[in-house]
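Student: Could you take a close look at the salt bridges in this protein and show me where they sit? I would like to follow them from place to place, with each term explained as we go.

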Amino acid sequence: MRIAIVDDSRLARLELKQQVLAIGNVELVAEAASVKEALEVLKQNTVDLLLLDIDLPDGDGFDVLEQCQGLPQVIFVTAFNEHAIKSFEYNALDYLLKPVRQERLEKALSKARVQNETLKPEKRIFIKDRDECYFVSVDEIFAFEALGNYTKVYFDKASPCVYRPISAIHERLDSDVFFKASRSWLVNTHFIESIDAMENGSLQVTLKSALKVTISKRQSSEFKRLWAL
């Protein structure tokens with residue numbers, strides 16, 4: 001698991017770095033001391049998990065999450081407890097208070113490893129969108145739609161949004177079931193009810209609940225390659 005640490009205190013970064021490396025099976029890929037440095041780190045490196053302080057000299061940890069493209073998983077590490085509720089609105093895996101106890105950090109990293117596992121069709125997932133909560137099986141979901149750093153999840157009961165980029169979700173899905181229709185859409189092929197060929201070479205699929213999704217011309221060729229006789 002590739003980890004980056006963001007904290008404006010050099011001593012705090014050093015202490016957290018030593019704690020992380022003591023756990024093993026991790027790679028510390030970068031450190032940052034500000035929002036600007038954190039955004040550059042995320043731009044230049046593949047990061048699975050961000051250990052993120054909230055109070056930074058040029059903003060806060062939430063600024064990092066709002067401005068970066070392709071969010072990794074996030075665990076907040078801070079001296080302040082008043083932002084805990086807000087942190088989970090950003091889909092944070094955990095919220096650790098300084099000084100961080102080693103066993104508490106190990107538990108948080110274990111949670112991150114579980115989150116990196118493939119989402120099998122039968123696995124049930126928890127989704128929270130504002131005040132609404134859902135608990136659905138992956139195989140009940142018939143599409144995902146990218147909305148910036150958010151992703152809209154379509155299933156029978158609703159279509160809530162989660163604060164997670166579609167690229168991160170795509171990495172965890174079963175490629176035999178979910179197909180990347182375009183940069184903005186992932187579709188569950190089990191819910192395709194009809195397919196129409198478009199004049200420009202793309203395909204338009206109709207999913208459950210009459211949801212229509214266009215498969216880009218490039219991805220249409222891939223779709224045919226994967227499923228044609």
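Tutor: Asp7, Asp53 and Lys98 are linked in a network of salt bridges. A salt bridge here means a side-chain nitrogen of Lys or Arg within 4 Å of a carboxyl oxygen of Asp or Glu. By this rule the count comes to eleven. Before we visit some of them, please keep in mind that this is a predicted model, in which local features need pLDDT of at least 70 and side-chain atom pairs count only at pLDDT 80 or more, while totals for chains, interfaces and linings use all residues. Residues are numbered from 1 along each chain as its sequence is written, and side-chain values use heavy atoms, with hydrogens and water left out.

Let's get our bearings. The chain has seven helices and 17 strands. These are DSSP runs numbered from the N terminus (helices: H or I, at least four residues; strands: E, at least two). Along its principal axes, the C-alpha trace of the chain spans about 60 × 35 × 30 Å. To get a feel for distance, take Asp53 from the network and compare its place with that of Glu122: their C-alpha atoms are separated by 35 Å, and the two residues are 69 apart along the chain. Glu122 lies in the loop between H5 and E8.

Now to a salt bridge involving H5 itself. Arg104 pairs with Asp94, and their closest N and O atoms are 2.7 Å apart. This pair links distant parts of the chain: Arg104 belongs to helix H5 and Asp94 to strand E7 (residues 94-97), ten residues apart. How does each partner sit relative to the surface? We use relative accessible area, computed with a 1.4 Å probe on protein chains only: under 20% is buried, over 50% is exposed, and anything in between is partly exposed. Asp94 is buried because its value is 5%, whereas Arg104, at 25%, is partly exposed. For the chain as a whole, 47% of the 229 residues count as buried.

A second pair is Arg101 with Glu103, whose closest N and O atoms lie 2.9 Å apart. Here the setting is another one: Arg101 has a relative accessible area of 48% and so is partly exposed, and Glu103, at 49%, also counts as partly exposed.

Our next stop is helix H7, where Glu222 forms a salt bridge with Arg225 and the closest N and O atoms are 2.7 Å apart. Both residues lie in this helix, three residues apart, which is about one turn. There is a handy rule behind that spacing: an α-helix has 3.6 residues a turn, so residues three or four places apart point the same way. Glu222 is partly exposed because its relative accessibility is 26%, while Arg225 reaches 57% and is therefore exposed.

It helps to turn H7, residues 217-227, and look at its sides. Gln219, Ser220 and Phe223 are its buried residues. Why do they sit on the same side of H7? They cover an arc of only 110° around the axis, and that puts them there. The arc is taken from the directions that run from the helix axis to the C-beta atoms. On the face turned away from this buried side you will find the exposed residues Lys217, Arg218 and Arg225, the last of which is the salt-bridge partner of Glu222. What covers the buried residues of H7 includes four strands: E13 (178-180), E15 (194-197), E16 (203-206) and E17 (212-215).

Finally, go back to Glu122 for a look at its neighbours. Glu122 is exposed because its relative accessible area is 54%. Leaving out residues up to four places away in sequence, Glu122 touches Ser137 and Asp139, where contact means heavy atoms within 4.5 Å. Contacts also describe the whole chain: among those between residues at least 6 apart in sequence, 48% join residues at least 24 apart.

So, to retrace the tour: the network joins Asp7, Asp53 and Lys98, the pair of Arg104 and Asp94 connects helix H5 with strand E7, and Glu222 and Arg225 pair up within helix H7.
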